[in-house]
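Trainee: Please take me through this structure slowly, and explain the words you use as we go.

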Amino acid sequence: MLQQPFQTSFDLGNNRIVTIETGRLARQADGAVTVKQGNCILLATVCANKEPKEGQDFFPLSVDYQEKFASAGRIPGSFFKREARLTDSEILISRLIDRALRPLFPEDYLCDVQVLITLISSDPEVMPDALACLAASAALAVSDIPIKEVISEVRVARVNGQFIINPLRAELASADMDFMIGATSKNLMMVEGESKECSEEDFIKALSLAHDAVRIQITAQEQLRQKVGVQSKRDYPKPPSDETIQNKVNTFAEARVLSISKSASSKADRSKSYDELKKEVIAMLGEEATSEHKKLAKKYYEDLKWEVVRNMMIDEKTRLDGRKHDEVRPLDMEVDFLPTPHGSALFTRGETQSLTTITFGTLLDELLVESAAKSEYSKFILHYNFPAFSTGEVKPMRGPGRREVGHGNLALRSLKQMMPGSEYPYTVRVVSDILESNGSSSMATVCAGSLALMDAGVPIPKHVSGVAMGLITRPSDGKYAILTDILGDEDHLGDMDFKVTGTRDGICGIQMDIKIDGLSMETMQEALNQAKKGRLHILDAMYNCFPEARAEVKPHAPRMIKMFIDKEFIGAIIGPQGKIIQEIQRETGTTINIEEVGNQGEVSVFSPAKEGLEKAVAWIRGIVSMPEVGEEYEAKVKSIMPYGAFIEFLPGKQGLLHISEVSWKRLENLDGILKEGDMVKVKLIGLDPKTGKFKLSRKALMPKPDFNEGNS
């Protein structure tokens, strides 16, 4: 018989109760909880090895979030009909949890830790990603795995001017701010989200409200931990250390490290100098040094670099490349860089470079985004590629990793704020290939993407730029330095990676990772203000390069027109067994898509050539148009009869050109006058009330001869 489970609950507001339970499921895991809101239930488990792997010198944390399709009563749409690799959405949620949890473990804890969060019951209105980090933290809280603090994560959205914590799916659909915030009771740990040009002040307000909600969830976890009776965390083996070797390394290399760090050399030259000094450090130990001694010396050397560079930035206000703390690296950008893509831009900032292209597609090219709760199509796609050569490395080519998915998502959610609405006919794919990287290639993707979209003629109203901020702190005296447009080394050595994107009028996207215990609200405000200054500087350069979107797509880009017709004409355009629409596509070289939208038919015509597009549109308009008496038409002779000719004056619409209406002269037959296939200009002169057939005239468009001339 199962033991009685332990539970605790709290209210998100408006009687939205969240219940955390442990002791019923997955009892062999080190920690396991379920989190329930409505019909949404998440199972989170955590397991950790008792010993680190031999020789391991890093913390191996793995976090995986997965949605079981059975949770929503669905069968996966894949060929194998089972859940396989994580989807992009699941990877993004996994990253949100990972980035919030990672700083909570002790720095000398090197045992493998695996956190698994699974959606086992879905509620169509409850967003499970807002509860996933709470579940993961609660599983750690009820385990004996060593963590320094309990955390949680909430979504805050602004809907109709009101901030809501963990809004329902329907509420979120109309939000103009959407942010996920992870925090301890004291400090912020992780922020990610998007907004429709919100102000820095509104963002700070959202953070404050989210932090209050996080504290409630932390209290609930602490109550659950007390009920379970977790008194202390497990002991763990500490990595080896040797104070004598550390002192030798520091004495030998400290001044040299500072000299290299202050040289303001390029990334390649600086790395070469650091590596040469590392070899000297190892040689300094002498031949009697063991492999363990050499390994420790390398670690202490990296620790020394970390400390020297950080102190240099705080005390001397000097950065690795010689810039001021709030200075952006040199910018260079160019649009229409490639001749064949539908739009392109090359954006270079310092030693970071993105080549971004735009491709137009049809509705048939939309991306299907599938999760347990819903399936939807997206007409805006952004892919980010980070090849090894961008950092001068050799690595096997594989599919996109979690980093590529995360960086691409930040750029996508930033740029989509400026994209036209659902009425825009194209599916748009943006691809950013990072050709060179030394800090914040995701922000280069945003800038290059904005330029490329305008180059392609996508009607975005404003440019979007992005800048990555860094933070260096020194707890011993409370001093810190906020860095604008960080280098790769500054990201590695710093305590924060804080990316902000937006227009001149507000914030479009934010992503923040903290490597220390957290960030105060005051420091966040200062970083936001400095980020705004950097963002505006980059935007000025972008507007100087290309101030507004092209009025139309490029000559070689495909054309698309969207038309709305009465629903009754859909069948006429398609024709029996698709005969008419297939003929139109074949004769004009176009792709045509028709959908029912309410009481209308939405017709999208896509063509690689302007002429084909115009021909197809005229054809369709002819089918759906109602002929008007008195209108003139360029028509085609379909058949000849003794009494006249049948003329197709609009696609699918024929009328009789009676022999008496062909000419002012009396004709016995049409031999030598008209034949099948001839093009002839006619006028619609009437509609036979008995048969409903159209009556056409050719002679009505000819000058009437004077029959009396020459008879006087």
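Trainee: Why is S261 called buried?

Mentor: The relative accessibility of S261 is 0%, and buried is the word for anything under 20% relative accessible area, with exposed kept for values over 50% and partly exposed for those in between, using a 1.4 Å probe and protein chains only; S261 therefore counts as buried. Bear in mind that this is a predicted model, in which local features need pLDDT of at least 70 and side-chain atom pairs count only at pLDDT 80 or more, while totals for chains, interfaces and linings use all residues. Residues are numbered from 1 along each chain as its sequence is written, and side-chain values use heavy atoms, with hydrogens and water left out.

Trainee: Where does S261 sit, and which residues does S261 touch?

Mentor: S261 belongs to helix α5 (residues 243-261), where a helix is a DSSP run of H or I with at least four residues, a strand is a run of E with at least two, and both are numbered from the N terminus. Setting aside residues up to four places away in sequence, S261 touches Y274, V309, M312, R319 and L320, contact being heavy atoms within 4.5 Å.

Trainee: What makes the pair of S261 and V257 a polar contact?

Mentor: A polar atom of the S261 side chain lies 2.7 Å from the backbone oxygen of V257, and the term covers a pair of N or O atoms within 3.5 Å, where within protein one must be able to donate a hydrogen and the other to accept it, and residues adjacent in sequence count only if both atoms are side-chain atoms.

Trainee: How do you know that S432 is buried, and what surrounds S432?

Mentor: S432, found in strand β17 (residues 427-436), has a relative accessible area of 0%, so S432 is buried by the cut-off already given. The side chains of S432 and S354 are joined by a polar contact of 2.8 Å, and, apart from neighbours within four places in sequence, the contacts of S432 include L355, T356, H383 and T445.

Trainee: What makes β17 part of a sheet, and which strands are called edge strands there?

Mentor: The strands are ordered β11-β12-β13-β17-β16 in an open sheet of 5 with mixed pairing, and two strands pair if DSSP finds at least two bridges between them. The edge strands are β11 (331-335) and β16 (380-385), since each pairs on one side only. Strands β12 (residues 343-349) and β13 (residues 352-361) are joined over 7 bridges in the antiparallel sense, and in β13 the bridge partner of G343 is I358.

Trainee: Which strands does helix α11 lie across?

Mentor: Helix α11 (residues 521-545) lies across β11 and β12 and runs at about 35° to β11, where axes are lines fitted to C-alpha atoms, for helices over the stretch in contact, and angles run from 0 to 180 degrees between N-to-C directions.

Trainee: What is the order of the strands in the other sheet, and how do β4 and β6 pair?

Mentor: That open sheet holds 6 strands in the order β1-β2-β3-β4-β6-β5, again with mixed pairing. Its edge strands are β1 (6-11) and β5 (61-67). Strand β4 (residues 40-48) pairs with strand β6 (residues 113-121) in the antiparallel sense over 8 bridges, and the bridge partners in β6 are I117 for A44 and L119 for L42.

Trainee: Why is the crossover from β5 to β6 called left-handed or right-handed?

Mentor: Strands β5 and β6 run parallel and are joined by 7 bridges; the chain crosses from β5 through α1 to β6, and this β-α-β crossover is left-handed. The word right-handed would apply if, with the strands pointing away from the viewer, the path from the first strand over the helix to the second ran clockwise. Helix α1 (residues 88-101) lies across β5 and β6, at about 145° to β5.

Trainee: How do you know that the length of α9 agrees with its number of residues?

Mentor: The expected span is 1.5 Å times one less than the number of residues, so the 16 residues of α9 (residues 441-456) should span 22 Å, and the end C-alpha atoms are indeed 22 Å apart. With 16 of the 16 residues buried, α9 is largely enclosed by the rest of the structure.
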